[in-house]
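Grab a pencil and open the viewer. Here are some exercises on reading a protein fold, each with a worked solution to check yourself against.

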Amino acid sequence: MSGISYVRGDATAPQGKGVKIIAHVCNDLGGWGEGFVLAISRRWPEPEAAYRRWHRERAGNDFGLGAVQFVQAGPYVWVANMVGQRGIRTGSQGVPVRYDAIDAALEAVAAKAAELGASVHMPRIGCGLAGGKWSRIEPLIGERLVMRGLAVTVYDHG
């Protein structure tokens with residue numbers, strides 16, 4: 001997919017100038033303890049604390065599949081906690097990834113990025129613990145972000 005820059009590196013240390021949004025996928029159980037979230041927590045405490053509070057207070061907010069919580073982690077860095085997986089284990093419902101939820105979340109990320117004049121940075125969202133396929137997620141990023149003229153960088157660790 002043209003328009004997405006692929007680089008080797010750490011998505012928690014986004015490259016380039018200006019405001020940046022780091023987008024990643026969270027589960028709908030309030031769990032934050034494996035995968036990319038650990039790298040986020042090593043760098044900033046705020047995204048994890050905000051996510052846990054968002055889940056704990058879910059009776060009175062929009063927490064759920066497809067929702068996004070934007071947490072300012074630094075003067076030019078925002079973290080987008082996107083709820084894009086049902087549960088944390090593969091079972092009778094298949095893998096945890098929910099492509100429609102990621103699609104809805106990316107729509108919100110696009111609006112926030114446009115509002116902030118930000119570029120968007122991410123690992124291969126939904127493809128680690130969530131069990132998704134990049135061939136299904138990449139086109140969603142293209143439709144929701146790239147087609148709107150937003151700069152997107154995907155980081156492959158290593």
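**Exercise 1. Find how many bridges join S2 to S4, and in which sense the two strands run.**

Before you start, keep in mind that this is a predicted model.

Step 1. Look between S2 and S4: 8 bridges join them, and the two strands run parallel.

Step 2. Pick out one bridge as a check. Cys26 has Val83 as its bridge partner in S4.

Step 3. Now see what lies on top. Helix H3 packs on the sheet and touches S2, S3, S4 and S5. The direction of H3 makes about 165° with that of S4.

**Exercise 2. Work out the order of the strands in the open sheet, and say which strands stand at its edges.**

Step 1. Walk across the sheet from one side to the other. The sheet is open, has 6 strands, and reads S1-S6-S5-S2-S4-S3. Its pairing is mixed.

Step 2. Look at the two ends of that order. S1 and strand S3 (68–74) are the edge strands, and each has a single partner strand, so one side of each has no neighbour in the sheet.

Step 3. Check the twist. On average, neighbouring strands are turned by 30° against each other, direction ignored.

**Exercise 3. Describe how strand S6 pairs with S1 and S5, and say whether S6 is mostly covered or mostly open.**

Step 1. Take the S1 side. Strand S1 (residues 4–8) pairs with S6 in the parallel sense, over 5 bridges. One pair to look for is Ser5 with its bridge partner Thr153 in S6.

Step 2. Take the S5 side. Strand S5 (residues 119–122) runs parallel to S6, and 3 bridges join them. Here Met122 stands opposite Val154 in S6.

Step 3. Follow the chain from S5 to S6. The path goes through helix H4 (residues 134–144), making a β-α-β crossover that is right-handed.

Step 4. Decide how covered S6 is. Of the 5 residues in S6 (residues 152–156), 4 are buried, so the strand is mostly covered.

**Exercise 4. Explain why the buried residues of helix H1 lie on the same side of H1.**

Step 1. List them. In H1 (residues 36–43), the buried residues are Val37, Ala39 and Ile40.

Step 2. Use the angle. These residues cover an arc of only 155° around the axis, so they sit on the same side of H1.

Step 3. Recall a general rule. An α-helix has 3.6 residues a turn, so residues three or four places apart point the same way.

Step 4. Ask what that side faces. The buried residues of H1 pack against strand S2 (20–27), helix H2 (46–56) and strand S4 (77–85).

**Exercise 5. Find which element gives the most residues to the largest nonpolar core, and which residues Ile125 contacts.**

Step 1. Start with the core itself. The largest nonpolar core has 31 residues, and those with the most contacts inside it include Met82, Met122 and Ile125.

Step 2. Trace where the core comes from. S2, S4, H3 (99–116), S5, H4 and S6 each give two or more residues to it. H3 gives the most, with 7 residues.

Step 3. Zoom in on Ile125. Setting aside neighbours within four places in sequence, Ile125 is in contact with residues including Ala23, His24, Met82, Leu106, Trp134 and Ile141.

Step 4. Don't miss the other core, which lies apart from the one above. This other core has 14 residues, among them Trp54, Phe63, Val77 and Val83.

**Exercise 6. Sort His24, Gln85 and Glu46 into buried or partly exposed.**

Step 1. Take the cut-off: buried means under 20% relative accessible area.

Step 2. Try His24, which lies in strand S2. Its relative accessible area is 1%, so His24 is buried. Among the residues His24 touches are Trp32, Phe36, Val79 and Ile125.

Step 3. Try Gln85, which lies in strand S4. Gln85 has 7% relative accessibility, so this residue counts as buried too. Its contacts include Cys26, Leu65, Pro96 and Ala130.

Step 4. Finish with Glu46, found in helix H2. At 35% relative accessibility, Glu46 counts as partly exposed. Leaving aside neighbours within four places in sequence, Glu46 is in contact with Val71, Gln72 and Ala73.

How values were computed
Residues are numbered from 1 along each chain as its sequence is written. This is a predicted model: local features need pLDDT of at least 70, side-chain atom pairs count only at pLDDT 80 or more; totals for chains, interfaces and linings use all residues. Side-chain values use heavy atoms; hydrogens and water are left out. Buried means under 20% relative accessible area, exposed over 50%, partly exposed in between (1.4 Å probe, protein chains only). Two strands pair if DSSP finds at least two bridges between them. A crossover is right-handed if, with the strands pointing away from the viewer, the path from the first strand over the helix to the second runs clockwise. The arc is that of the directions from the helix axis to the C-beta atoms. Contact means heavy atoms within 4.5 Å. A nonpolar core is a set of buried Ala, Val, Leu, Ile, Met, Phe, Trp, Tyr and Cys residues joined through side-chain atoms within 4.5 Å. Axes are lines fitted to C-alpha atoms, for helices over the stretch in contact, and angles run from 0 to 180 degrees between N-to-C directions.
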